[in-house]
Amino acid sequence: MIVRTRFAAPDLRAFVARALVAMDVSVEDAALVGEVLVTSDTRGIESHGVARLESFYVDRIRDGQVDPKATSTVVRESPTALVIDARNGLGHPVSVRTMRRTIEKAREIGMAVSTVRNSNHYGIAGYYAMLAMEADCIGISSTNAGRLAVPTGGRDLMLGTNPFAYAIPANDGDAFVLDMATTTVALGKLEIAKRLGKKLIPGWAVDASGAMTTDPDAGMGGAVLPLGGFGTENGGHKGFGLGLLAEMLCAVLGGGVLVPDMPPRTGALNGGITSHFFAAIRIDAFRDVAEFKADVSRELAAFRTSAPAPGSEGVLVAGDPERSKSDEQLRNGVALDPVVVASLARVAEKTGVAPVQSLRS
C-alpha cells in the first residue's frame with residue numbers, strides 16, 4: 001500500500017517559488033509557476049504538478065536548457081490576435097500573461113486568438129482556459145510537445161500528447177472544463193504507473209518495436225497511442241487528427257518548431273521547442289451572460305441527472321472529478337506519493353532552500 005503525505009497547497013506553492021527564485025527565476029514568474037503546478041495537483045492531475053518541478057524545471061534550468069531570465073517579445077499584434085516569442089523561457093509565466101492579454105482583447109473586440117512559440121512545458125492546458133471564465137469568457141488552450149506518440153498506422157514518433165482545453169462558465173461557480181490529451185493518456189500517466197508499481201491499461205502504449213505493452217518502462221521507451229488506440233476501428237484516427245490539429249494551431253500558425261524539425265525522443269525536453277495556442281470568446285458578444293450561464297447549468301444538470309448505465313454511479317461531465325478533488329485537497333491537503341516527496345526533498349538540496357513541511361496527521 002502506498003502511503004501518501006499531505007501538504008498544504010499554499011506551502012507547496014511557496015516552496016516551488018522559493019526553489020525557482022534560487023535558480024534565478026524572477027519572483028513574479030516563480031509564483032506563477034507555483035500556482036499552475038499546485039493547481040494541477042489539487043485538481044488531481046498529478047502527472048503535471050509538483051512531480052515535474054525537479055526534472056522539467058530545476059534540472060533543465062541548471063543544465064542550461066531553459067533560460068530562467070528570458071523576456072518574451074511581441075512578434076505580431078492586431079486587435080484580435082497576438083504572436084509571442086517566449087525566447088526559451090519557462091512556459092507557465094508567458095502563457096499566463098498571453099492568455100490574460102488574449103482575454104483583454106476579447107473583452108474589447110468580442111474574441112481573440114494568440115500563439116506562443118519557442119517556449120517550454122506549460123503544465124495543464126485547463127489552467128489557462130479557466131482564466132477566461134473569470135471575465136465571463138469561454139477559454140480555449142492547446143499546446144504541442146516533444147515527439148512521444150505514434151500516428152495511426154505508423155511506428156515513428158511524430159506527435160506530442162498535444163492537449164486541448166475548453167472552459168465554459170455556468171451558474172454558482174459551476175463550469176464545463178474539458179482538459180484532455182489527444183493521446184490515450186499523457187506520458188505522465190505511465191510515470192505514475194511506474195511509481196506505483198502498476199501495469200498499464202492495454203491500449204495506452206506500445207514498446208520500441210511498435211507492439212502493445214502494459215509495462216510502464218517499455219511504454220516510456222516506446223510511444224503512447226492516439227486517443228482511440230490502434231488503427232481506425234476504435235477511432236484512433238480521430239485522436240491522431242486532433243493531435244495534428246493542435247500541431248497546426250500551435251506550431252504552424254504560431255511559426256514555431258515544426259514536427260520535421262523536432263528532436264527525437266532523447267531531445268523531447270530540449271528548450272524552446274514548444275508552441276502554445278490560446279483563445280477567448282466574450283459571451284455577451286453573443287447573448288446575455290446570465291441567460292447563457294443558466295442554460296449551461298441546465299445542460300449540465302440534464303447530463304448529471306440522466307439515467308446511469310448498469311454498474312455505473314452516474315454521469316459526470318468534464319470538470320466534475322477535478323472540481324471534487326480540488327475541494328477535498330484544498331480542505332485536507334495535497335496528497336503526494338513517496339517518489340514525489342523524495343523529489344521535492346532533492347529540489348530543496350539542489351537549490352539550497354528550506355524544504356516544504358508536510359501537514360501533521
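Student: How many residues does helix 1 have, and what distance does it reach from its first C-alpha to its last?

Tutor: Keep in mind that we are looking at a predicted model. Helix 1 covers residues 9–22, and at 1.5 Å a residue a span of 20 Å is expected. The model comes close to that: helix 1 has 14 residues and reaches 20 Å.

Student: Which residue follows helix 1 with a positive phi?

Tutor: Look just past the end of helix 1. The phi there is near 75°, and the residue is Asp-24.

Student: Which elements do the buried residues of helix 1 pack against?

Tutor: Start with the buried residues themselves: Ala-9, Leu-12, Phe-15, Val-16, Ala-17, Ala-19 and Leu-20. Their partners come from several parts of the chain. They are strand 1 (5–7), helix 2, helix 3 (53–62), helix 10 (320–332), strand 12 (334–336) and helix 11 (338–351).

Student: Which element gives the most to the largest nonpolar core?

Tutor: In soluble globular proteins, nonpolar side chains tend to be buried together. Here the largest nonpolar core has 30 residues, and Leu-12, Phe-15 and Leu-20 are among those with the most contacts inside it. Helix 1, helix 2, helix 3, strand 12 and helix 11 each supply at least two residues. The top contributor, with 7 residues, is helix 1.

Student: How many residues are in the second, separate core?

Tutor: This core includes Tyr-128, Met-133, Ala-167 and Phe-278. Its count is 29 residues.

Student: Which residues does Leu-20 touch, not counting those up to four places away in sequence?

Tutor: Leu-20 is one of the buried residues of helix 1. Leu-20 is also among the residues with the most contacts inside the largest nonpolar core. The residues it touches are Val-25, Ala-30, Val-33, Leu-53, Tyr-57, Val-58 and Ile-61.

Student: Is Thr-42 buried or exposed?

Tutor: Thr-42 sits in helix 2, which covers residues 27–42. Beyond its sequence neighbours, Thr-42 is in contact with residues including Ala-9, Glu-322 and Val-334. Its relative accessibility is 5%, and the cut-off for buried is under 20%, so Thr-42 counts as buried.

Student: How far apart in space are Gly-44 and Pro-321, C-alpha to C-alpha?

Tutor: Gly-44 lies in the loop between helix 2 and helix 3, and at 34% relative accessibility it counts as partly exposed. Leaving aside neighbours within four places in sequence, Gly-44 is in contact with Lys-325 and Gln-329. Although Gly-44 and Pro-321 are 277 residues apart in sequence, their separation in space is 8.3 Å.

Student: Now for the sheet. Which strands stand at the edges of the open sheet?

Tutor: The sheet has 7 strands in the order 2-3-4-11-5-6-7, with mixed pairing. Each edge strand has a single partner strand, so one side of each is left without a neighbour in the sheet. The edge strands are strand 2 (73–78) and strand 7 (175–180).

Student: Which residue in strand 4 stands opposite Ile-84?

Tutor: Strand 3 (residues 81–85) runs parallel to strand 4 (residues 111–119), joined by 5 bridges. Strand 3 also pairs with strand 2, in the antiparallel sense, and there Val-74 stands opposite Ile-84. On the strand 4 side, the residue opposite Ile-84 is Val-116.

Student: At about what angle does helix 8 run to strand 11?

Tutor: Helix 8 (residues 236–254) lies across several strands, including strand 3, strand 4 and strand 11 (274–282). Helix 9 (residues 289–304) lies across strand 5, strand 6 and strand 7, at about 115° to strand 6. For helix 8 and strand 11, the angle is about 95°.

Student: What is the centre-to-centre distance of the aromatic pair Tyr-122 and Tyr-128?

Tutor: A pair of aromatic rings is described by the distance of the centres and the angle of the planes. Tyr-122 is buried at 1%, and Tyr-128 is buried at 0%. Their planes are 25° apart and the pair is stacked, with a centre-to-centre distance of 4.6 Å.

Student: Which residues do ring pairs link into a cluster?

Tutor: The count for this model is 6 aromatic pairs. One of the rings in the cluster belongs to Phe-278, which is also included in the second core. The full cluster is Tyr-122, Tyr-127, Tyr-128 and Phe-278.

Definitions and conventions:
Residues numbered from 1 in each chain as written. Predicted model: local features only at pLDDT ≥ 70, side-chain atom pairs only at ≥ 80, totals over all residues. Heavy atoms only, no water. Helix = DSSP H or I, 4+ residues; strand = E, 2+ residues; numbered from the N terminus. Buried < 20%, exposed > 50% of the residue type's maximum accessible area, 1.4 Å probe, protein only. Contact = heavy atoms within 4.5 Å. Phe/Tyr/Trp six-rings, centres within 6.5 Å; stacked < 30°, edge-to-face > 60°. Expected span 1.5 Å × (residues − 1). Pairing = 2+ DSSP bridges. Axes fitted to C-alpha atoms, helices over the stretch in contact; angles between N-to-C directions. Core = buried A, V, L, I, M, F, W, Y, C linked by side-chain atoms within 4.5 Å.
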